[in-house]
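Please look through the model below with the following numbered points beside it. They concern helix packing and burial.

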Amino acid sequence: DVVASGGRVVHVNEAVTYDEAEAGISGEFRSRARMTARNWVGTWRHPQLLSPLKHPGYAFSLWSPKLLRWLSPVLLTLLFGGALAEADRPFYGTVVAISLTGIILAGLGGIAERALATGRALPRLPGLVLAQFAFAFLWAQAGFLWGLWIAVRGRQFRAYKT
């Protein structure tokens, strides 16, 4: 809104902000979805800011870390679907195998996260941290996708605390 109205956004290294993180994996999911939906709606309200000809620096900052990250679940799904369609070819078969391995790891990571949430101790297994990372990545993608769905449906968040 500031840039669209002709103002400047200035980043100050000494600025301090406080944020309360959502508790647990379901809270993190809601937080990702809410932030993604709010940011999509804000971006759709000012499409001129996406033009690298009119706003080169700001457009780059929107496209690179934001829009592409929010669209990553869609892009990854398309990549997986395309690879699956061509899975009989070695390269694409490898992409499918790596993707399925990541999904299985994420499932194991999700089981580990649920165990931790209930206070159970986890055994020290090799690869458990990788499984938890895979779960966190997949869970974030699901949150981005849900946030995009919320934005497309037109739901708006008036406040962060619900």
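1. The buried residues of α1 are covered by surroundings that include α2 and α4 (128-153), where covering rests on contact, meaning heavy atoms within 4.5 Å. Those buried residues are Gly27, Phe29, Ser31, Ala33, Arg34, Thr36, Ala37, Trp40, Val41 and Thr43, with buried meaning under 20% relative accessible area, exposed over 50% and partly exposed in between, for a 1.4 Å probe and protein chains only.

2. Please bear in mind that this is a predicted model, in which local features need pLDDT of at least 70 and side-chain atom pairs count only at pLDDT 80 or more, while totals for chains, interfaces and linings use all residues. Residues are numbered from 1 along each chain as its sequence is written, and side-chain values use heavy atoms, with hydrogens and water left out.

3. Helices here are DSSP runs of H or I with at least four residues, and strands are E runs of at least two, numbered from the N terminus. For the 22 residues of α1, a rise of 1.5 Å a residue predicts a span of 32 Å, and because the end C-alpha atoms are 32 Å apart, the two values agree; the expected span is 1.5 Å times one less than the number of residues.

4. Helix α1 (residues 24-45) packs on helix α2 (residues 56-85) at an angle of about 125°, their axes being 11 Å apart, which makes α1 oblique to α2. Axes are lines fitted to C-alpha atoms, for helices over the stretch in contact, and angles run from 0 to 180 degrees between N-to-C directions; under 35 degrees counts as roughly parallel, over 145 as roughly antiparallel, 65 to 115 as roughly perpendicular and the rest as oblique.

5. In this pair, Thr36, Asn39, Trp40 and Thr43 of α1 meet Leu67, Trp70 and Leu71 of α2. By class, the contact of α1 with α2 has four nonpolar, three polar and no charged residues, where Ala, Val, Leu, Ile, Met, Phe, Trp, Tyr, Cys and Pro count as nonpolar, Asp, Glu, Lys and Arg as charged, and the others, Gly among them, as polar.

6. The axes of α2 and α4 come within 8 Å and cross at roughly 100°, which makes α2 roughly perpendicular to α4. Residues making this contact include Trp70 and Leu71 of α2 and Phe137 and Phe144 of α4.

7. Alanine 106, found in helix α3 (residues 90-117), is buried, with a relative accessible area of 3%. Leaving aside residues up to four places away in sequence, alanine 106 touches Ala131, Ala134, Phe135 and Leu138.
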